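The following paragraphs lead through a single protein chain, from one residue to the overall fold and back to local details. Please keep the sequence and the structure in view while reading.

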Amino acid sequence: MELISTLSGRCDYVDNGLAAIELVRESLLRCRNTSQISGYFTLILLDYSMPQINGPTTAQKILELYAEEHAISDYVPPLPHIVCLTAFTEKIFENKARDSGMNEFVSKPITNSKLKQILRE
């Protein structure tokens, strides 16, 4: 997290999929309530095997929140870049991640140079 904060500024951390969804929901609500597109997430890193809800399902739910918000508000930020971090290397897991709407699939361990590359994109 320290490297992420250094390279990209603000960094929020949660330890499960439900908490990630709630954080995104709160940021979208804040944009709608203030009529400003600010304070939103541009990058979301999700582990494939998170507690409560896995990464692909979390990504789907987050993208559904954005779709719902577009239906009711003019103040919807751009979609975040969603990256799947995982120890899985099999193609089936990458396919499931991409099918859920995740933009990238990165096998662990993630190197500092790979993390820097993701943060710059």
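Is Glu104 buried or exposed? Glu104 is buried, with a relative accessible area of 11%; buried means under 20% relative accessible area, exposed means over 50%, and partly exposed lies in between, with a 1.4 Å probe and protein chains only. The residue belongs to strand S3, which covers residues 104–107. Leaving out residues up to four places away in sequence, Glu104 touches His81, Ile82, Val83, Cys84, Arg98, Lys114, Ile118 and Glu121, where contact means heavy atoms within 4.5 Å.

A note on the basis of these values is in order. The model is predicted: local features need pLDDT of at least 70 and side-chain atom pairs count only at pLDDT 80 or more, while totals for chains, interfaces and linings use all residues. Residues are numbered from 1 along each chain as its sequence is written, and side-chain values use heavy atoms, with hydrogens and water left out.

The chain contains five helices and three strands, and along the sequence these follow the pattern α-α-β-α-β-α-β-α. The radius of gyration is 14 Å, close to the 14 Å that the globule rule gives for 121 residues, so the chain is as compact as a globular protein of that length. Here the radius is taken over C-alpha atoms, and the rule is 2.2 Å times the number of residues to the power 0.38. Helices (H or I, at least four residues) and strands (E, at least two) are DSSP runs, numbered from the N terminus. Along the principal axes, the C-alpha atoms fill a box of roughly 40 × 30 × 25 Å. Of the contacts with a separation of 6 or more, 57% are between residues 24 or more positions apart.

How is the interior built? Of the 121 residues, 36% count as buried. In soluble globular proteins, nonpolar side chains tend to be buried together. The largest nonpolar core has 21 residues, among which Val24, Ile44, Leu46, Ile62, Ile82 and Met102 touch the most other members. The elements that give two or more residues to this core are helix H2 (17–34), strand S1 (43–47), helix H3 (55–72), strand S2 (81–86) and helix H4 (91–99). Such a core is a set of buried Ala, Val, Leu, Ile, Met, Phe, Trp, Tyr and Cys residues joined through side-chain atoms within 4.5 Å. Ile62 serves as an example: apart from residues up to four places away in sequence, Ile62 touches Ile21, Val24, Ile44 and Ile82.

At the surface, the chain exposes about 7,100 Å², and carbon and sulfur atoms supply 50% of this area. Accessible areas come from the Shrake-Rupley method with a 1.4 Å probe; for residues, only the protein chains shown count as cover. There are 12 positive and 15 negative side chains, and the centres of the two sets lie 4 Å apart. Lys and Arg count as positive and Asp and Glu as negative, without His and the chain ends, and each charge is placed at NZ of Lys, CZ of Arg, CG of Asp or CD of Glu.

The backbone deserves separate attention. Most residues other than glycine have a negative phi, and most peptide bonds are trans. Ser35, in the loop between H2 and S1, has a positive phi near 55° and is partly exposed at a relative accessible area of 37%. In the loop between S1 and H3, Gln52 has a positive phi near 70° and counts as exposed at 59% relative accessibility. Pro51 is placed in the loop between S1 and H3 and is partly exposed, at 45%. Beyond its neighbours within four places in sequence, Pro51 is in contact with Asp15, Asn16 and Gly17.

The loop between S3 and H5 holds Pro109, and the peptide bond from Lys108 to Pro109 is cis, with omega near -5°. Ile110 lies in the loop between S3 and helix H5 (112–120), and counts as partly exposed at 29% relative accessibility. Outside its neighbours within four places in sequence, Ile110 is in contact with Leu85, Leu115 and Ile118. The C-alpha atoms of Ile110 and Thr86, 24 residues apart along the chain, are separated by 9.0 Å. For Gln60, which lies in helix H3, the C-alpha distance to Ile37 is 22 Å, with the two residues 23 apart in sequence.
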